[in-house]
Amino acid sequence: MEKLYSNRKKNYIAGILLLLLLTFAAWFIFAANAKRVITQYSSEYVALAELPSQLSFTYYEEDEWAQKLKEAFHEKNLNGKLTYGKLKAVLEQLSLLEYITCPDGFFWKTVPRSQWNEVYEQILDLLDTRNEVSAVNLVFLTEDETDMEQLLTNKGTFEVAQGVNYFHYYDMYQVYVKERRIIGVNSECQSKLTLKNVFIHSARDEKAEILYEKQKISLDIKGLEEEITDTICDIEWKDRKVIAIYKKEDTISGKVLSFDDKQIEISGYGTLKHSGKLRVYKTYGTVEELDESKLVIGNLEAEFVVAKKQVCGIILQQPATIENIRVLLLGEENSPYRANPVLVTDAEGTVTIGDKEEKIEAGQLIKPAELLDKKKDYVKISLSDGDGRIYFADQNGEYSSLGYRGIFEIRKYPEGYGVVNELPLEQYLYGVVPSEMPASYERDALCTQAVCARSYACIQLMRGDYAALGAHVDDTTNYQVYRKQEEDPDTNLAVDDTVGEVVKYQGEVAETYFFSTSCGITGDMSVWNAEPGEETNYLQGTSLLTDGTMPDISDEEKFAAFIKDQKIEAYDSVSPYFRWNAKIAPQDRLNEINEAVAARYQAYAANVQIIKEDGTAGTEADLSGFGAVLGISVSERCKPGAASKLEIAYEKGSVTLLSEYNIRFVLGKAVTELTDKDGKPVKMELLPSAYCSVVPVEGGYVAYGGGYGHGIGMCQNAANGMAKAGMSYIEILMKFYHDIEIENIYNSQE
């Protein structure tokens, strides 16, 4: 009996020792895991460092979750692996322990990734009410692994959260994504993945050189005997290697007439859908991927790769040839759409509706509303006589506009009809120059205007602001005024004498801003609250005084003396707006001022700073509680003299206006009387310019100012004065735009 008791005692002690040993071993493993930084993906475990990003869609941000989890785990870092004990702590932090089916296991054992994924999917079902997180299959294409925060994949570029950056070239994973950011890894991807509509520059000798997301990538295509040059393909991966390349054989050629984020209109083919992002590749010169903004509407012959009646990509084999410009003719209240346009011509021609063409006679009424139906949404009017014109008309055929050269295209939209006038660039300028500068001005002034107008138009041709409506520009001051004055032989001659000439700066066509009248000085980009940059250094403040001196306007007192001086002689000092006075009565125009501030705040809040009575920034433009205006003052000027910052002090807050237009717009609403330099009254809602000194007087303020317009670039009245003084248009352009060259765009296209 004593011996049996002794054996039991020995077994008991051995069991205790074994349990202690196992416990020590578990804690040793646990502690070792807690210290080890996990840098590799595994299906056997989940790194603790992955959790903050995966939970970031819930109550806290990533860094807050990191701190919360450290506290819950009683650890200084998140270097280890997720265990069953820590999984329970995570669910307690989420207050979900009672609602989620949680796997069982010893608290120190690691949780396999598959089990964590099951739990995570339940968390998403309960807490991701806005569906912020999605599971996405990706193949990773970034060759340079030095930047692990931005990775290129078959579905574009993704940010990668810290703690989940396990990815290498050709890896294939299913990942969790929130707002283009990879926040977690589900598993390795076993299915096939496809990179669609990618441009292959060359594929041969088991290597493929591709362009994707504006990057040049070399792909290993071992086992594929492909020879491909400059076309669009789909590339397929499986098991971390390229297994197939599908070349898209069908192509069409034509010009882009319009495009938006869903479809593209091609000359000769009508409208086709595209994948949502137009991929544009050029093969002339250097092979590269371009922005869709480089699709020059109406002037660019391109090759379109299509599949299943959808445009997959666009290949440019030659640069755009600047021939035509497309002008959107705005309707009532400058709307892009017209309710029911009626047109008439003074010469015979054709009307095209879909694939049907009908002849028209001079004077025949054309009513698009009667010609179009649900299947046909496009009318084109062409004249057989180059001297013929197209007019807007009333229901009786009486002209309601000047005549237009070129062709008309009328498209039907849900909002109404869009009317586009396409014509050669030089003929467009026939309609611009007399609308922007009086035809009575000197020949060299008109030539200056023609070159500026052509340069400005070329810039807009490359931008395609109205691409969705099939146009480059509209016919208002938004771009350049067009066909608001009849053509004139002198302005047409100025266009012809400068045919093709544009202003270039550092090899690129320059944006040739122009305005009416100066105060004796021109400005630079700072008047628009923009930092003058290297690309705009040709726009600098210039003295227009006839003696060539630069006036001293270094402080408020000196600027005030300069702007009040009626005897200063400049090239445009004969203009009635060279000097002007404005009486400002803020106490009488409080509502108008507040409404103007609100309008500019809604247009561009960054240039309107609203400070409430407690000193905090206002996030709304409601000034109803600010009380009366106590003071108006110019607090900053740009170097050339224009007011660049205007302070309006209220009883219970303040407003700071930045940029010349905001200052002119708001002060213009407070003006009770405006007179020109000869004392003649002028009606104008916008203050003529921001070159002004605001002086307090009894009952309000007086703004002593000079000039009309923004003040940047070419001054039209000064150009006329320079031409009268014997300067050529080249010399005039060199005066207003610094370090430029005058080049002919048509010569450069040969």
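Which residue takes a positive phi in the hairpin of strand 36 and strand 37? Keep that in mind while we get our bearings. What you have in front of you is a predicted model, and the mean pLDDT of the protein chain is 91, with 94% of its residues at 70 or more. One stretch calls for some care: over residues 28–34 the pLDDT is below 50, and beyond near neighbours in sequence this stretch has twelve contacts in the model. Where pLDDT is low, the predicted coordinates should not be read in detail.

Now back to the hairpin. Strand 36 covers residues 692–697 and strand 37 covers residues 700–705; the two pair in the antiparallel sense over six bridges. If you would like a landmark along this ladder, look for P696, whose bridge partner in strand 37 is Y701. Two residues lie between the strands, and G699 is the one with the positive phi, near 85°.

Let's step back along the chain to a sheet. Here four strands form an open sheet in the order 31-34-33-32, with antiparallel pairing. At its edges you will find strand 31 (608–612) and strand 32 (629–637), each of which pairs on one side only. Going from one strand to the next, the twist averages 15°.

Inside this sheet, strand 33 (residues 643–650) and strand 34 (residues 653–658) are joined by six bridges in the antiparallel sense. A handy pair to pick out is K645 and L658, since K645 stands opposite L658 in strand 34. The sheet also has a helix to go with it: helix 12, made of residues 660–670, lies across strand 31, strand 32, strand 33 and strand 34. Relative to strand 33, helix 12 runs at about 40°.

Our last stop is a pair of helices. Helix 13 (residues 716–724) packs with helix 14 (residues 729–736) at an angle of about 135°, and their axes are 10 Å apart. Because of that angle, helix 13 counts as oblique to helix 14. The crossing of the two is right-handed.

Which residues of helix 13 meet helix 14? They are A718, A719, M722 and A723, and on the helix 14 side they meet I732, K735 and F736. Sorted by class, this contact has six nonpolar residues, no polar ones and one charged residue.

Technical notes: Residues numbered from 1 in each chain as written. Predicted model: local features only at pLDDT ≥ 70, side-chain atom pairs only at ≥ 80, totals over all residues. Heavy atoms only, no water. Pairing = 2+ DSSP bridges. pLDDT = per-residue confidence, 0-100. Contact = heavy atoms within 4.5 Å. Axes fitted to C-alpha atoms, helices over the stretch in contact; angles between N-to-C directions. Parallel < 35°, antiparallel > 145°, perpendicular 65-115°, else oblique. Left-handed = near helix turned anticlockwise from the far one by under 90°. Nonpolar A, V, L, I, M, F, W, Y, C, P; charged D, E, K, R; others polar.
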